[in-house]
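Work through the exercises below with the sequence and the 3D view side by side, and try each task before you read its solution.

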Amino acid sequence: MAGTAEQARELAARLGGLPLALHAAGTYLAGPTSRYRTFAAYRQALEQELRFLLAAHPNASHPQVARAVVRHTWEVSLDQLAGEGNALARPLLRLLALLAQAPVPLSLITPDLLSVVTGHDVTAVALEAAFAGLHRYALLGLPHSPGSTGPASGSSEGAQVVLHPLIREINAVALTAETSELAVWHRALAERLTTAVHEANRRGRAGWPAAVLLAPHLPLLLDYADPRTATHHRTTLNALAQVLQKAGAFGVARLLHERVLDVETRMLGPEHPDTSLAMSIQRQQSRWWHWPRRRNAAASGG
């Protein structure tokens, strides 16, 4: 009902035929409250910014052109969400883009975390609405709940969201361009990751699933660390690795230990006491890594 087949083809051509852009545009147009309801209106909304881009680059599959085209499609959706009173959707998407390219547990993103980075009071209801809005406009997905109507609809403890790699990449760049206080975002995220590790550790066996979900995002602590917090963050990674060992996730634990050792070797030198301690932990962890293999081999007669 958004127009003729010819108008649809014209919009698709304007978006360079990029699947992610087409999906975002189609999802937007299908929304009952969207400001632009036709192919022609949506194309006109993009015209001013995309006119020069696509005229200069007929081949929209070029990576730089693709990034610009896709970003414009979802910025329209973010503007729509803001117009509906959901101003938290944009900073939430930017924050998610700072995490690793892996499923993000919903429990990691709290109202307090968004309050710190936005400077405004954030309620649990507003945060839930922001997640739901981003999902409604296809800006994030649900890896383990494909039939769910929204990320907040079944707020189970293990609920997760995922970002398309291109959405994650460009939103991280957009945040860098939008704020002069990027360190505030990094610091708030690092503190929240550290707290999440302590929470998982305190819960014992019940915290093991959360520890596995956190593991891909913890190395970011080393990227965001400054000299004042580096030791604290390395300790946090080692603490998570120990929880993962108890949970039987030996491979993931080993990778975390190796990352810590690599950073300490480069930052402190191989003779530093902290580096020596990291090497000792890695050797101990390596024995844990090989012991189940030897045990299984013996059980099978190998």
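The exercises that follow concern a predicted model, and each one is solved step by step.

**Exercise 1. The chain as a whole**

Find how many helices and strands the chain has, and what percentage of its residues is buried.

Solution. Begin with the secondary structure, where the chain shows 14 helices and 2 strands. Next, turn to burial: of the 302 residues in the chain, 45% are buried. Finally, consider the contacts between residues at least 6 apart in sequence, of which 64% join residues at least 24 apart.

**Exercise 2. The sides of helix 8**

Locate the buried residues of helix 8 and work out where around the axis they lie.

Solution. First, take the helix itself: helix 8 runs over residues 165–178, and its 14 residues reach 20 Å from the first C-alpha to the last, close to the 20 Å expected at 1.5 Å a residue. Second, list its buried residues, which are Leu-166, Ile-167, Ile-170, Asn-171, Ala-174 and Leu-175. Third, look along the axis: these residues cover an arc of only 155 degrees, and therefore they lie on the same side of helix 8. The general rule behind this step is that an α-helix has 3.6 residues a turn, so residues three or four places apart point the same way.

**Exercise 3. What covers helix 6**

Identify the buried residues of helix 6 and name helices that cover them.

Solution. Start with helix 6, residues 111–118, in which Leu-113, Leu-114, Ser-115 and Val-117 are buried. Then look at what lies over these buried residues, and you will find helix 5 (89–97), helix 7 and helix 9 among the elements that cover them. Last, step past the end of the helix to Gly-119, which follows helix 6 and has a positive phi, near 80 degrees.

**Exercise 4. A positive phi without glycine**

Decide whether Ala-138 is buried or exposed, and describe its phi.

Solution. To begin, place the residue: Ala-138 sits in the loop between helix 7 (124–136) and strand 2 (160–161). Now compare its relative accessibility of 19% with the cut-off for burial, which is under 20%, so that Ala-138 counts as buried. For the backbone, recall that most residues other than glycine have a negative phi. Ala-138, although it is not a glycine, has a positive phi of about 60 degrees.

**Exercise 5. Contacts of two buried residues**

For Glu-75 and Thr-194, give the helix and the contacts, leaving aside neighbours within four places in sequence.

Solution. Glu-75 belongs to helix 4, residues 63–83, and at 13% relative accessibility it counts as buried. With those sequence neighbours set aside, Glu-75 touches Arg-90 and Arg-94. Thr-194, in turn, is part of helix 9, residues 182–202, and it is buried with a relative accessible area of 5%. With the same kind of neighbours left out, Thr-194 is in contact with Leu-221, His-232, His-233 and Thr-236.

**Exercise 6. The lining of the largest cavity**

Estimate the space in the largest cavity and sort its lining residues into nonpolar, polar and charged.

Solution. First count: there is 1 cavity of 30 Å³ or more, and about 80 Å³ of space lies in the largest cavity. Then inspect the lining, whose residues include Leu-96, Gln-101, Pro-103, Val-161 and Arg-168. When the whole lining is sorted, it divides into 9 nonpolar, 1 polar and 1 charged.

Terms used: Residues are numbered from 1 along each chain as its sequence is written. This is a predicted model: local features need pLDDT of at least 70, side-chain atom pairs count only at pLDDT 80 or more; totals for chains, interfaces and linings use all residues. Side-chain values use heavy atoms; hydrogens and water are left out. Helices (H or I, at least four residues) and strands (E, at least two) are DSSP runs, numbered from the N terminus. The expected span of a helix is 1.5 Å times one less than its number of residues. Buried means under 20% relative accessible area, exposed over 50%, partly exposed in between (1.4 Å probe, protein chains only). The arc is that of the directions from the helix axis to the C-beta atoms. On a 1 Å grid over the protein atoms alone, a cavity is a set of points where a 1.4 Å probe fits but cannot get out, and a pocket is an open set with protein on both sides within 12 Å along at least five of seven lines; lining residues have an atom within 4 Å of a point. Grid points are joined across faces, edges and corners, and a volume is the space filled by probe spheres set on the points. Ala, Val, Leu, Ile, Met, Phe, Trp, Tyr, Cys and Pro count as nonpolar, Asp, Glu, Lys and Arg as charged, and the others, Gly among them, as polar. Contact means heavy atoms within 4.5 Å.
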